[in-house]
Every structure is written in C-alpha cells, then in structure tokens.
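Dear colleague,

I am passing on the structure we spoke about, so that you can look at it alongside these notes. Please open it first, and then read on for what was found in it.

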Amino acid sequence: QVQLVESGGGLVQPGGSLRLSCAASASIFSISAMAWYRQAPGKERELVARISLGAIPTYADSVKGRFTISGDNAKNTVFLQMNSLKAEDTAAYYCNIHSNLPARDYWGPGTQVTVSS
C-alpha cells in the first residue's frame, strides 16, 4: 500500500523559514493534484496550498506571498516552502496527493510545525 511520508517540520521562531517535503513510498499512477493541508488544535483541517497538473498553484489568503508549493509528479514528491512564519501558522501539516484511474486521495501522517519565540 502506498504511504506518504512528510519531513521538515519542527520548531521555528517567528519570521523564520521551513521547507516541508513529502514523498510517496511507491509510484502513484495518474497524479492530478498535490496539496498541503494543516490543522491546529480545535480547528478544522484547512487547505493551505494546491497545485493541479498544468495549472498555476493556489494558496489560502492567510499564506499568500509567504508560502510556495512545488512538486514533481514523476518523482511523486511535493514541497512547501514557508517563509516569514507567524505564530498563527502553528499546526500539523498534512501532505495530500490526488490520483485518477481510479480516483483517490493519499494522505501523510502529518508533521508538526510550531512557530514560537
């Protein structure tokens, strides 16, 4: 069974940067989109950034201009570069890869990002 593994999370000071990475344990057929979600305690899971095949990446308003999503479909990898981090960015971050034929979603177990001085 394909598994996603995230890395790069940790503790960072406000204004700092982190780069999250996500890799699949095996090839995923017909990837159509890659995305990052986050969930803070007591909050619903939130879409942070998404990139669809052949499209321009989209971002939540709260991270626009600070975060950059990128990916490589052939290598089944996705990244999230996070700059100018704020305390409000503190959450568990989850990698998501959507595939077609058949359509399904793959999720990573999450990686914790804590922004604090």
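To begin with the whole chain, 38% of the 117 residues of the protein count as buried. Please keep in mind that this is a predicted model, and that every value below was computed from it.

The protein has eleven strands and zero helices, so that reading along the sequence one meets the pattern β-β-β-β-β-β-β-β-β-β-β. Its radius of gyration is 14 Å, close to the 13 Å that the globule rule gives for 117 residues, and therefore the protein is as compact as a globular protein of that length. Taken along the principal axes, the box filled by the C-alpha atoms is roughly 45 × 30 × 25 Å. Among contacts with a separation of 6 or more, 55% are accounted for by residues 24 or more positions apart.

As for the surface, the protein exposes about 6400 Å², of which carbon and sulfur atoms supply 51%. There are 10 positive and 8 negative side chains, and the centres of these two sets lie 3 Å apart.

Turning to the interior, the largest nonpolar core has 28 residues, and those that touch the most other members are Leu4, Ile28, Trp36, Phe67, Leu80, Met82 and Tyr93. At least two residues of this core come from each of several strands, namely S3 (18-24), S4 (31-39), S5 (46-52), S7 (67-72), S8 (77-82), S9 (91-99) and S11 (111-115). If you would like one residue to start from, Phe67 touches, beyond the residues up to four places away in sequence, Arg38, Val48, Tyr59, Leu80, Gln81, Met82, Asn83, Leu85, Asp89 and Tyr93.

Two strand residues and one loop residue may also be worth a look. Ser32, which has its place in strand S4, counts as buried because its relative accessibility is 18%, under the 20% cut-off. Leaving aside neighbours within four places in sequence, Ser32 is in contact with Ser52, Leu53, His98, Ser99 and Asn100. Gly54, in the loop between S5 and strand S6 (58-59), counts as exposed at 85% relative accessibility; the C-alpha atoms of Gly54 and Ser32 are 9.0 Å apart in space, although the two residues are 22 apart in sequence. Thr114, found in strand S11, counts as partly exposed at 26% relative accessibility, and its contacts, again without residues up to four places away in sequence, are Gly10, Leu11, Val12 and Thr90. Thr114 and Tyr94 are 20 residues apart in sequence, with 14 Å between their C-alpha atoms.

Finally, some backbone details deserve a careful check on your side. Most residues other than glycine have a negative phi, and most peptide bonds are trans. Against that background, the peptide bond joining Leu101 and Pro102 is cis, with omega about -5°, and Pro102 has its place in the loop between S9 and strand S10 (104-107). Leu101, which lies in the loop between S9 and S10, has a positive phi, near 55°, and is exposed, with a relative accessible area of 65%. Ser30 also has a positive phi, near 55°; Ser30 is found in the loop between S3 and S4 and counts as partly exposed at 27% relative accessibility.

With best wishes

Definitions and conventions: Residues are numbered from 1 along each chain as its sequence is written. This is a predicted model: local features need pLDDT of at least 70, side-chain atom pairs count only at pLDDT 80 or more; totals for chains, interfaces and linings use all residues. Side-chain values use heavy atoms; hydrogens and water are left out. Helices (H or I, at least four residues) and strands (E, at least two) are DSSP runs, numbered from the N terminus. The radius of gyration is taken over C-alpha atoms; the globule rule is 2.2 Å times the number of residues to the power 0.38. Buried means under 20% relative accessible area, exposed over 50%, partly exposed in between (1.4 Å probe, protein chains only). Contact means heavy atoms within 4.5 Å. Accessible areas come from the Shrake-Rupley method with a 1.4 Å probe; for residues, only the protein chains shown count as cover. Lys and Arg count as positive and Asp and Glu as negative; His and the chain ends are not counted. The place of a charge is taken as NZ of Lys, CZ of Arg, CG of Asp or CD of Glu. A nonpolar core is a set of buried Ala, Val, Leu, Ile, Met, Phe, Trp, Tyr and Cys residues joined through side-chain atoms within 4.5 Å.
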